[in-house]
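Visitor: Hello! Could you walk me through this structure, one question at a time?

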2 protein chains.
Amino acid sequence: MLKNVLDNKENYQPSLSIDCVIFGFHDNQLKVLLIKTKHSHEWALPGGFVPVDEDIDDAAVSVLYGRTGLKGIFLRQFATFGAVKRNSIDFSNRVLNFYGIPLDEGKWYTNRFVTVGYYALVDFLQAVPQPEGKNEIVEWIDHHVVPDLILDHKKILDKALETLRMELNLMPVGYNLLPEKFTIPELQKLYETILGRKLDRRNFLRKITAIGILTKLDEKKSNVAHKAPNLYSFDQDKYNEVVKNGLHQGW
Amino acid sequence: MLKNVLDNKENYQPSLSIDCVIFGFHDNQLKVLLIKTKHSHEWALPGGFVPVDEDIDDAAVSVLYGRTGLKGIFLRQFATFGAVKRNSIDFSNRVLNFYGIPLDEGKWYTNRFVTVGYYALVDFLQAVPQPEGKNEIVEWIDHHVVPDLILDHKKILDKALETLRMELNLMPVGYNLLPEKFTIPELQKLYETILGRKLDRRNFLRKITAIGILTKLDEKKSNVAHKAPNLYSFDQDKYNEVVKNGLHQGW
């Protein structure tokens, strides 16, 4: 793969890469999609290079699909990382060695790469990662127990989570992550899992209904012992409108 | 300048640039700092290239200082722009022609450049732009009447303004933009100018005081006809804390 890129390096944007932080949510767990690199036995974010004839946003979609089999999901650019020492020459040389590429042929790869970070939030049960090649390991790992990552990938991951939490103040989440019909406590659990803290039940109910994206159904959750909670669904038009225009709850 | 960069292109990150959107606020006006390019007679955002031995965030600070004389101000990265057609070959060739650089020597410059956008908000009366070279025009232009800009700079500017407005929901603004002592109506005007819309007086008062960054002074605004409004100042420790941790008003 790297050999291929180096042999055709004029087709790739020099010193630029893409890294994707894919959060997976299901049943009150928040996980991150990581790839175990063959060269360093460390874990990494799915990432890749940018073809010169592709918009960076499209390249992010391609990278994601190529490395994980995930397609058609919401990907959002959140930050660009360009510290001088973000990729060390030691690391680059180790990778080149692993692939048996002479260091002078791999010079393109050892330069400082600036990387554009994208994040997404998907239902991890519905996303089936497809590793590229049989030796690659792609796994959903609980965000509480993420192991050491290569380069500054931990910093990229932390920034993505910080952005996701911040964006909960700007847009709704839940569509594609919850079943079609859900209860308010289930929606609250989703928010609590992403935010990593408990929320007050009444406050949450008041704020979430004020957004105007919920339709109260004439149905109650079954198989619940007593006082079955009401079921809701998202009003998709209103939901999309709020995603587009923002919550406007601030000023 | 471009000739210099091309002669030392191994010292610069290839195909990467920085563009800065500097908003200037004073007395209920929101302006943008623009540079009139010599080659196209169009206006442009202050921008530049990234030295290989500099972090991109530091390069943004240098670019800003080098092009405008502004230093020590809050600069925040907001988005990276990398559409394939963002810089056209026509435009690049026109610039090379203007500087008398043969097209084959200028190839480095004609590649697709991905640009990292930064924005800042300063008091434009306190910032004195220093054009580089005597032919350069650097000007504060009212954001309502921004003329045509080169490349995708209008898009970058629009995105910066959108980000600034969105970030009003996440952090306070006002410090460095208002006099040390100010009234709530003055602070409200600042918010209204940035947001481009009127705000309800009572709602604003309630929300802004709830943040807990204001100190009510034992002083009233003088030279006001009747019912002089109270003066306030920012509690700087609390202000900085909220800037750092976010408003947390959402959930």
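**Charges and copies**

Guide: Gladly! A search of the whole structure, which is a predicted model, finds 16 salt bridges over all chains.

Visitor: Which residue meets Arg86(A) in a salt bridge?
Guide: Arg86(A) lies in the loop between β5 (76-81) and α3 (89-98) of chain A, and its partner in the loop between β7 (137-142) and α5 (153-167) of chain A, so the pair ties together parts that are 66 residues apart in sequence. The two side chains meet at 2.8 Å, N to O, and the partner is Asp152(A).

Visitor: Which elements give two or more residues to the positive patch?
Guide: On the surface, a patch of positive charge gathers Arg201(A), Arg202(A), Lys216(A), Lys220(A) and Lys227(A). Of these, Lys220(A) is found in strand β8 of chain A. The elements giving two or more residues are α7 (201-211) and β8 (214-220) of chain A.

Visitor: How are the two copies related?
Guide: Chain A superposes on chain B with an RMSD of 0.0 Å, after a rotation of 180° with 0.1 Å of shift along its axis. The copies are therefore related as by a two-fold rotation axis.

Visitor: What percentage of the interface residues of chain A are also interface residues in chain B?
Guide: The copies meet through the same surface. That is because the shared part is 100%.

Note on methods:
Residues numbered from 1 in each chain as written. Chains lettered and ligands numbered in written order. Predicted model: local features only at pLDDT ≥ 70, side-chain atom pairs only at ≥ 80, totals over all residues. Heavy atoms only, no water. Least-squares fit on C-alpha atoms with pLDDT ≥ 70 in both. Contact = heavy atoms within 4.5 Å. Patch = residues over 30% accessible without salt bridge, like charges linked within 9 Å, V, L, I, M, F, W, Y side chains within 5 Å. Areas by Shrake-Rupley, 256 points an atom, 1.4 Å probe, with all protein chains shown as cover. Salt bridge = Lys/Arg side-chain N within 4 Å of Asp/Glu carboxyl O. Lys, Arg positive; Asp, Glu negative; His and termini not counted. Charge placed at Lys NZ, Arg CZ, Asp CG, Glu CD. Helix = DSSP H or I, 4+ residues; strand = E, 2+ residues; numbered from the N terminus.
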